[in-house]
Amino acid sequence: MKKIAVILSGCGVYDGSEIYESVLTLLEVAKNGAEYQCMAPNIDQLHTINHMTGEVTEGDTRNVLIEAARLARGDIIDLAMAKAADYDALIIPGGFGAAKNLSDFAINGSNCQVNSDVAAFTQAMHKAGKPVGLICITPAISPLLFGNTVKFTLGNDIDTINAAETMGGTHINCAVDDIVVDEALNVVTTPAYMLAGSITEAATGIEKLVKKVLLLA
């Protein structure tokens, strides 16, 4: 049975992993006869957002790994402890946590950096020839992970696309229900909630991404 690593960035679209995207990913992996292991960096979130108001909750500190454990029903490991040799593929759902916790793209744009544990694990998977799937905003950091020849999609958000392409790589416009596959680098991306207006729209592209990643694994 293929085993898929899933890196989470917290719990909640505005300060962690997008919950629908994460659950759809896990569901699709299981439906296709594979198993998954959730993991997250053991670090503090950039901040905590009140998801009713969209405002920052001042003075509230939350841990990415502990928050991500909510999504994983407690079955989660510290990303720093994960070994690429144990997995056949990697998928990283979106949500602002990818741009706030897994990287600082939300703050520094094209001058951003990727969390060292995220970069080390993702690049180890990549160097071993294993496929990587990136969802929603997460493909924005793909040039830092895979180099300036990578092809990826972020839907059609011009400012995000420009910032990502400044770091390298080539953006491909993509419909919400489709995927972009970089055959040379084994990288699969889909827009999900960069474009989706509903959970069903997000699901279609995520289902295609998971199926393609598993086919390449």
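User: How many residues does helix 8 have, and how far does helix 8 reach?
Analyst: In this predicted model, helix 8 has 18 residues. From its first C-alpha to its last, the helix reaches 26 Å, close to the 26 Å expected at 1.5 Å a residue.

User: Which residues of helix 8 are buried?
Analyst: The buried residues are A202, A203, G205, I206, L209, V210, K212, V213 and L214.

User: And what do they pack against?
Analyst: The buried residues of helix 8 pack against strand 1, helix 1, strand 4, strand 5, strand 8 and strand 9.

User: Take helix 1, then. What is T25 in contact with?
Analyst: T25 is in helix 1. Leaving aside neighbours within four places in sequence, T25 is in contact with I91, P93, I135, I206 and V210. Of these contacts, I206 and V210 are among the buried residues of helix 8.

User: Is T25 buried or exposed?
Analyst: T25 has a relative accessible area of 0%, so it is buried.

User: Moving on to strand 9. Which strands pair with it?
Analyst: Strand 5 runs parallel to strand 9, and four bridges join them. Strand 8, residues 180-182, pairs with strand 9 in the antiparallel sense over three bridges.

User: Which residues stand opposite each other there?
Analyst: L134 stands opposite T189 in strand 9, and V181 stands opposite V188 in strand 9.

User: Which way do the residues of strand 9 point?
Analyst: V187 and T189 point one way, while V188 and T190 point the other way. All four are buried. In a regular strand, side chains alternate between the two faces of the sheet.

User: What about the hairpin of strand 8 and strand 9?
Analyst: That hairpin has four residues between the strands, and N186 takes a positive phi near 65 degrees.

User: New topic: the nonpolar core. Which residues touch the most other members?
Analyst: The largest nonpolar core has 35 residues, and those touching the most other members are I7, M39, L90, F105, F121 and F146. Elements giving two or more residues to this core include strand 1, strand 4, helix 5 and helix 7. A second, separate core of 33 residues includes L8, C11, L26 and I135. As a general tendency, nonpolar side chains in soluble globular proteins are buried together.

User: F121 sounds worth a look. What does F121 touch?
Analyst: Not counting residues up to four places away in sequence, F121 touches A5, I7, M39, L79, A82, K83, A84, Y87 and L90.

User: How many aromatic pairs are there?
Analyst: The count comes to three aromatic pairs. One of them is tilted, because the rings of Y20 and Y193 have their planes at 50 degrees, with their centres 6.3 Å apart. This pair links distant parts of the chain, 173 residues apart: Y20 is in helix 1, and Y193 is in the loop between strand 9 and helix 8.

User: Are Y20 and Y193 buried or exposed?
Analyst: Neither word applies: Y20 counts as partly exposed at 43% relative accessibility, and Y193 counts as partly exposed at 25%.

User: And how do Y87 and F121 pair?
Analyst: Y87 and F121 form an edge-to-face pair, 6.0 Å centre to centre with 75 degrees between the planes. Y87 lies in the loop between strand 3 and strand 4 and F121 lies in helix 5, so the pair ties together parts 34 residues apart in sequence.

User: Are those two buried or exposed?
Analyst: Y87 counts as buried at 5% relative accessibility, and F121 counts as buried at 4%.

Key
Residues are numbered from 1 along each chain as its sequence is written. This is a predicted model: local features need pLDDT of at least 70, side-chain atom pairs count only at pLDDT 80 or more; totals for chains, interfaces and linings use all residues. Side-chain values use heavy atoms; hydrogens and water are left out. A nonpolar core is a set of buried Ala, Val, Leu, Ile, Met, Phe, Trp, Tyr and Cys residues joined through side-chain atoms within 4.5 Å. Buried means under 20% relative accessible area, exposed over 50%, partly exposed in between (1.4 Å probe, protein chains only). Contact means heavy atoms within 4.5 Å. Rings of Phe, Tyr and Trp (its six-membered ring) pair if their centres lie within 6.5 Å; planes under 30 degrees apart count as stacked, over 60 as edge-to-face and the rest as tilted. Two strands pair if DSSP finds at least two bridges between them. The expected span of a helix is 1.5 Å times one less than its number of residues.
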